[in-house]
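This briefing walks through selected parts of one protein structure. Look at the sequence and the model below, then read the points that follow.

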Amino acid sequence: MKKKKMTAILLTVVLAGMLAAGCGSAQDGKKEVSADTQKTQEKSKEEPTELLIAAAASLEYSYEDELIPMFEKANPDITVKGTYDSSGKLQTQIEEGIEADIFMSAAAKQMNALAEENLVDKDSIVNLLENKIVLITPADTELELKEFTDITKAETIGIGDPASVPVGQYAQESLTNLGLWEAVSEKASLGTNVTEVLNWVAEGSADAGIVYATDAATTDRVKVVAEAPADSLAEPAIYPVGIVTASKNKEAAQKFVEFLQSEEAVKVFEEYGFIEYNK
């Protein structure tokens with residue numbers, strides 16, 4: 001009897017040990033599941049991908065008012081921020097290491113320069129839009145200008161600095177081919193971007209100025225006198241877009257570039273006065 005009793009006691013101890021071990025394993029399993037769940041929760045709380053677009057000043061309204069909100073709504077995991085200035089200044093900033101993902105310039109010159117420096121992926125570049133160069137005056141001006149060549153009648157003239165502002169480069173080219181650059185440059189104040197020139201004319205601090213048609217359309221404080229004669233420019237004002245080589249968000253950047261080429265995006269650009277580029 002004692003032997004049977006001892007055997008029963010031993011079996012009880014062994015079973016108790018096995019149950020304790022089982023409980024420990026179950027608890028460990030719970031800990032592992034908890035850790036995995038925590039990782040998933042932390043991942044879900046991560047900030048979305050953020051793109052920085054370096055774009056010509058003339059694109060600001062279409063981007064901020066329409067295109068960026070439209071893209072973000074369709075891609076809630078991507079946020080987009082824009083920085084806007086003359087294409088020449090943006091080129092310099094990219095050369096100096098600004099963490100931009102996409103560059104969209106108001107002329108091919110700046111884009112080509114960055115591509116040659118291997119700072120923009122060449123195979124990502126798309127010629128997307130065209131713009132027109134126009135002569136403007138304040139809306140309430142008493143100065144009678146009817147043709148683009150009447151610009152010489154103005155006493156004070158606003159023009160983008162040809163050294164860094166594409167619209168200024170186009171203005172210089174057009175006026176040079178028309179034989180008017182020397183006369184105009186003597187009266188000209190050089191703006192740091194197209195928005196500054198537009199504001200000078202709108203405020204009346206300049207009698208006339210040369211801007212993009214899209215910029216002139218953003219305010220009723222200026223009126224358009226005339227477009228630059230087509231034969232005064234070797235090439236139209238082309239807006240290319242490309243992905244910055246140093247971008248850490250290439251996949252998201254490609255999505256945005258593809259979006260800009262979509263029918264809905266082109267329609268927005270056209271509403272702001274741009275023209276879809278056709279080769």
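Which backbone nitrogen does a side-chain oxygen of Asn-193 reach at the start of α7? The partner is the backbone nitrogen of Thr-195, and the oxygen comes to within 3.1 Å of that atom. The model is predicted, and the points below cover this helix, the sheet it packs on, and two loop residues, Asp-101 and Asn-118.

**Helix α7**

- Helix α7 covers residues 194–203.
- Its buried residues are Val-194, Val-197, Leu-198, Trp-200, Val-201 and Ala-202.
- Just after the helix comes Gly-204, which has a positive phi of about 85°.

**The five-stranded sheet**

- Five strands make up an open sheet with mixed pairing, and their order is β7-β6-β8-β5-β9.
- At the edges are β7 (188–191) and β9 (222–227), each of which pairs on one side only.
- On average, neighbouring strands of this sheet are turned by 35° against each other when direction is ignored.
- Strand β6 (residues 157–160) runs parallel to β7, and four bridges join the two.
- Within this pair, Gly-160 of β6 stands opposite Gly-191 in β7.

**Helices against the sheet**

- Helix α5 (residues 166–177) lies across β5 (133–138), β6 and β8 (208–212).
- The direction of α5 is at about 115° to β8.
- Helix α7 also packs on the sheet, where it touches β5, β6, β7, β8 and β9.
- The direction of α7 makes about 140° with that of β8.

**Asp-101, a charged residue in a loop**

- Asp-101 sits in the loop that links α3 (87–95) and β3 (102–104).
- Is Asp-101 buried or exposed? Asp-101 is buried, yet it has no salt bridge.
- The nearest side chain of opposite charge belongs to Lys-250, and it is 8.7 Å away.
- The side chain of Asp-101 does make a polar contact, at 3.3 Å, with the side chain of Asn-249.
- Apart from neighbours within four places in sequence, the residues in contact with Asp-101 include Glu-50, Leu-51, Leu-52, Ile-243, Val-244 and Ala-253.

**Asn-118, a loop residue with positive phi**

- Asn-118 lies in the loop between α4 (108–116) and β4 (126–131).
- Phi of Asn-118 is near 60°, which is a positive value in a residue other than glycine.
- Why does Asn-118 count as exposed? Asn-118 counts as exposed because its relative accessibility is 55%, and the cut-off for exposed is over 50%.

Key
Residues numbered from 1 in each chain as written. Predicted model: local features only at pLDDT ≥ 70, side-chain atom pairs only at ≥ 80, totals over all residues. Heavy atoms only, no water. Buried < 20%, exposed > 50% of the residue type's maximum accessible area, 1.4 Å probe, protein only. Polar contact = N/O pair within 3.5 Å; in protein donor to acceptor, adjacent residues only side chain to side chain. Lys, Arg positive; Asp, Glu negative; His and termini not counted. Salt bridge = Lys/Arg side-chain N within 4 Å of Asp/Glu carboxyl O. Contact = heavy atoms within 4.5 Å. Pairing = 2+ DSSP bridges. Axes fitted to C-alpha atoms, helices over the stretch in contact; angles between N-to-C directions.
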